[in-house]
Amino acid sequence: VAGVGTHPPSVSRGARRARLTRGTMDRLQPAAMDAPRFVERPWTFAGLRRRHARKAGVRGALDEHWCAASERFAKVGGRKDGAGYGLYYDLFAQREGFEMIAAVATDETASRPATFEQLRVPTRRYAVFAHLGPVSRLRSTIWTAWYGWLPNLGLRSAGDSLTPDFIEVYGDDAGNTGRPAIEIWFPVRG
């Protein structure tokens, strides 16, 4: 899936990424992963939404998307933490494109730039996977979780028009939480 695992520029500089499709999955090594933890929670985000075509150059378009959003993150009031969030919609669907929102977590009354939208994601159960390897392997983590771990655990996506297919969480672990700096949150049912 082109574009999966494209990171904010501060994380992705210099990282080489393999293009991920079902046809190329056989050539990729599955990611070494720990079992997920499970969290149930709602979210409120403020972020910049864009639609991306599945074509050559999508990684550059996603990096530019992150740059445009991150330049405005400081103007968002009521931020919950210092993390950046990538919300992906229609990524696993067989469509021409997908939507991504580069966002920050906020409270419901947060002020935000005019180009940002507020998004409320209802309470869902999430399978949370830590990305343990180099950032260049993030796509393999997403792919291994989606096509390996989740089906083997008897889980299906709970993504819908209000809930993304998954959420990339880019933290700096400055709060000494003991958690990895990158996590992937999949809304699940089953």
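What span should the 15 residues of helix 4 cover at 1.5 Å a residue, and how far apart are its end C-alpha atoms? The expected span is 21 Å and the end C-alpha atoms are 20 Å apart, which agrees. The legends below describe close-up views of a predicted model.

**Figure 1. Overview of the fold.** The protein has 4 helices and 7 strands. From the N terminus on, the order of elements is α-α-β-α-β-β-β-α-β-β-β. The protein has 190 residues, and 48% of them count as buried. Take the contacts with a separation of 6 or more: residues 24 or more positions apart account for 79% of them.

**Figure 2. The largest nonpolar core.** This core has 34 residues. Those with the most contacts inside it are Phe 116, Phe 129, Ile 142, Leu 150, Phe 166 and Phe 186. Two helices and five strands appear in the view: helix 3 (58-70) and helix 4 (138-152), with strand 1 (37-53), strand 3 (97-105), strand 4 (117-130), strand 6 (166-170) and strand 7 (182-189). Each of them supplies at least two residues of the core. Another core, of 16 residues, lies apart from this one. Leu 87, Tyr 89, Val 121 and Val 169 are among its members. In soluble globular proteins, nonpolar side chains tend to be buried together.

**Figure 3. Surroundings of Phe 186.** Neighbours within four places in sequence are left aside here. Phe 186 is in contact with Arg 125, Tyr 126, Ala 127 and Phe 129. The contacts of Phe 186 also include Ile 142, Ala 145, Trp 146 and Leu 150. Asp 165 and Phe 166 complete the list for Phe 186. Phe 129, Ile 142, Leu 150 and Phe 166 are, with Phe 186, among the residues with the most contacts inside the largest core.

**Figure 4. Helix 4 and its bend.** Helix 4 bends by about 40° at Ala 145. Ala 145 is also one of the buried residues of this helix. The others are Leu 138, Arg 139, Ser 140, Thr 141, Ile 142, Trp 143, Thr 144, Trp 146 and Leu 150. Gly 154 follows helix 4 and has a positive phi, near 75°.

**Figure 5. Helix 3.** The 13 residues of helix 3 should span 18 Å at 1.5 Å a residue. The end C-alpha atoms of helix 3 are 18 Å apart, which agrees. Buried residues in helix 3 are Val 58, Leu 62, Asp 63, His 65, Trp 66, Ala 68 and Ala 69.

**Figure 6. The His 52 and His 65 pair.** His 52 lies in strand 1. Its relative accessibility is 5%, so His 52 counts as buried. The side chain of His 52 makes a polar contact with the side chain of His 65, at 2.9 Å. His 65 is one of the buried residues of helix 3. Residues up to four places away in sequence are not counted in the next list. His 52 touches Val 58, Ala 61, Leu 62, His 65, Gly 97, Phe 98 and Met 100.

**Figure 7. Salt bridges around Arg 49.** The whole structure holds 6 salt bridges. Arg 49 forms one with Glu 99, with the closest N and O atoms 2.4 Å apart. Arg 49 lies in strand 1 and Glu 99 in strand 3, so this pair ties together parts that are 50 residues apart in sequence. Glu 117 also forms a salt bridge with Arg 49, with the closest N and O atoms 2.9 Å apart. Glu 117 lies in strand 4, so its pairing with Arg 49 ties together parts that are 68 residues apart in sequence. Arg 49 is partly exposed, with a relative accessible area of 29%. Glu 99 is partly exposed at 21%, and Glu 117 is partly exposed at 28%.

**Figure 8. The Arg 120 and Glu 108 salt bridge.** The closest N and O atoms of this pair are 2.7 Å apart. Arg 120 lies in strand 4 and Glu 108 in the loop between strand 3 and strand 4, so the pair ties together parts that are 12 residues apart in sequence. Arg 120 is partly exposed at 43% relative accessibility. Glu 108 is partly exposed, with a relative accessible area of 46%. For context, shared partners join Arg 49, Glu 99 and Glu 117 into one salt-bridge network.

**Figure 9. Asp 90 in its loop.** Asp 90 sits in the loop between strand 2 (84-89) and strand 3. Asp 90 is not a glycine, yet its phi is positive, about 65°. Most residues other than glycine have a negative phi. Asp 90 has a relative accessible area of 26% and is partly exposed.

Notes: Residues numbered from 1 in each chain as written. Predicted model: local features only at pLDDT ≥ 70, side-chain atom pairs only at ≥ 80, totals over all residues. Heavy atoms only, no water. Core = buried A, V, L, I, M, F, W, Y, C linked by side-chain atoms within 4.5 Å. Buried < 20%, exposed > 50% of the residue type's maximum accessible area, 1.4 Å probe, protein only. Contact = heavy atoms within 4.5 Å. Expected span 1.5 Å × (residues − 1). Bend = angle between axes of the 7 residues up to and from the residue. Polar contact = N/O pair within 3.5 Å; in protein donor to acceptor, adjacent residues only side chain to side chain. Salt bridge = Lys/Arg side-chain N within 4 Å of Asp/Glu carboxyl O.
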